Amino acid sequence: MRKNILALCLSLGLATSAMAEQTHWGYQGDNAPENWGNLPDAQTCASGKTQSPIDIFDSKNNKQLPALKFNYQHADIKQIIDNGHSLQFNFDANSTFSYENKTYKLVQFHAHEPAEHTINGVRYPLELHFVHQAADHSNLVIAVFVQEGKENSYFEKLSVFKQLVKNSSENTDILFNPEHIYPKNHSYYRYTGSLTTPPCSEPVTWILFRQPITLSKDEIEEISHYLPKNNNRPVQPLNNRIIENN
Ligand SMILES: [Zn+2]
């Protein structure tokens with residue numbers, strides 16, 4: 001429905017600047033991922049050699065990866081945005097994650113439907129990206145895969161998103177500690193990739209939990225209803241990269 005309205009507005013020349021911004025790229029037709037590299041400032045989408053997502057698989061070179069230490073106790077979601085590409089939950093600046101002598105701020109999380117990364121060939125129905133940024137602007141994304149199963153009562157804290165009008169935002173004040181959403185088992189995969197949306201910037205440190213979490217069928221359907229269908233970029237070539245896991 002949203003796409004039809006957008007197409008109608010564009011054909012009538014009614015696009016506002018906000019709407020025009022949202023039509024620069026997408027997942028279908030002329031805006032599809034294979035054309036992102038033609039966008040201004042997004043050449044990396046086509047020319048980059050360490051792009052994301054990828055197909056993840058277990059390597060035989062298991063490594064002692066660093067333990068994950070979160071400092072999310074005061075994480076507060078201040079805004080929920082339907083930006084036309086995903087549903088995005090913005091945090092205030094009080095939560096950090098320290099990894100390999102660098103401190104990253106938790107910035108936002110958003111969702112892809114279905115998952116962007118595949119794990120040993122399996123594609124989960126949802127993938128959540130918790131985006132972190134360091135003072136030097138380097139990015140680290142923690143990916144959480146969602147499979148259908150038991151309902152998740154902590155997820156219900158986010159239910160205000162169901163009141164969101166398409167292509168709009170809502171100011172909120174929701175104490176939300178992502179550690180309560182992350183799987184109990186912190187075993188993970190790590191590789192160096194990119195943002196999975198334009199400008200597809202490299203490098204991004206990717207940490208992907210091996211264990212998926214569960215949401216109920218209804219919860220997955222609710223969140224999917226607010227996401228553009230198939231907002232997942234196709235998997236990219238691995239090239240010479242190494243995927244580590246513990
Ligand atoms: Zn993402």
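Which residue of β6 does Y99 stand opposite? In this predicted model, Y99 stands opposite K102 in β6, and the legends below begin with the whole protein before returning to that pair.

**View 1. The whole protein, with its helices and strands.**
The protein of this predicted model contains 4 helices and 14 strands. Its radius of gyration is 18 Å, close to the 18 Å that the globule rule gives for 246 residues, so the protein is as compact as a globular protein of that length. Taken along the principal axes, the C-alpha atoms fill a box of roughly 60 × 40 × 35 Å, and buried residues make up 32% of the 246 residues. Among the contacts with a separation of 6 or more, 66% are accounted for by residues 24 or more positions apart. The mean pLDDT is 90, and 90% of the residues reach 70 or more, but over residues 1-23 the pLDDT stays under 50, and for this stretch the model has 14 contacts beyond four places in sequence.

**View 2. Strand β5 between its partners β2 and β6.**
In a regular strand the side chains alternate between the two faces of the sheet. Strand β5, residues 96-99, shows such an alternation: F97 and Y99 point to one face and are buried, while T96 and S98 point to the other face and are not. Strand β2, residues 69-71, runs antiparallel to β5 and is joined to it by 3 bridges, with F70 standing opposite F97. Strand β6, residues 102-112, also pairs with β5 in the antiparallel sense, over 4 bridges, and here Y99 of the opening question stands opposite K102. The hairpin of β5 and β6 has 2 residues between the strands, and in this hairpin E100 takes a positive phi near 50°.

**View 3. Strand β9 and the nonpolar core.**
The largest nonpolar core has 48 residues, and those with the most contacts inside it are L126, V141, A143, V144, V146 and L208. Strand β9, residues 139-148, gives the most to this core, with 7 residues, and the strand is mostly covered, as 7 of its 10 residues are buried. If its neighbours within four places in sequence are left aside, V144 is in contact with L128, I181, Y182, F209 and I213.

**View 4. The strands that pair with β9.**
Strand β8, residues 126-134, runs antiparallel to β9 and is joined to it by 8 bridges, and the bridge partner of E127 in β9 is F145. β8 and β9 form a hairpin with 4 residues between them, and H137 in the turn has a positive phi of about 70°. Strand β12, residues 204-209, runs parallel to β9, with 5 bridges joining the two, and L140 stands opposite T205 in β12. Strand β13, residues 213-215, pairs with β9 in the parallel sense over 3 bridges, with E148 standing opposite L215.

**View 5. Helix α4, with a buried side and an exposed side.**
Within α4, the residues E219, I220 and I223 are buried. Seen down the axis of the helix, the buried residues fall within an arc of 100°, so they line one face of α4. The face turned away from this buried side carries the exposed residues K217, D218, E221 and H225. What covers the buried residues of α4 includes β4, residues 87-91, together with β6, β8, β9 and β13.

**View 6. The loop between β11 and β12.**
Most residues other than glycine have a negative phi, and most peptide bonds are trans. Two peptide bonds leading into prolines are cis here: the bond from P198 to P199 has omega near 10°, and the bond from E202 to P203 has omega near -5°. P199 has its place in the loop between β11, residues 188-193, and β12, and P203 lies in the loop between β11 and β12 as well. C200 is also found in this loop, and although C200 is not a glycine, its phi is positive, at about 55°. With 26 C-beta neighbours inside 10 Å, where 20 or more are needed, C200 counts as buried.

**View 7. N230 in the loop after α4.**
N230 has its place in the loop between α4, residues 217-225, and β14, residues 244-245. Phi of N230 is near 55°, a positive value in a residue other than glycine. N230 counts as exposed because it has 12 C-beta neighbours inside 10 Å. N230 and H85 are 145 residues apart in sequence, whereas their C-alpha atoms are 9.9 Å apart in space.

Methods. Residues are numbered from 1 along each chain as its sequence is written. This is a predicted model: local features need pLDDT of at least 70, side-chain atom pairs count only at pLDDT 80 or more; totals for chains, interfaces and linings use all residues. The radius of gyration is taken over C-alpha atoms; the globule rule is 2.2 Å times the number of residues to the power 0.38. Two residues are in contact if their C-beta atoms, placed from the backbone, lie within 7 Å. pLDDT is the predictor's confidence in each residue, from 0 to 100. Two strands pair if DSSP finds at least two bridges between them. A nonpolar core is a set of buried Ala, Val, Leu, Ile, Met, Phe, Trp, Tyr and Cys residues joined through C-beta atoms within 7 Å. The arc is that of the directions from the helix axis to the C-beta atoms.
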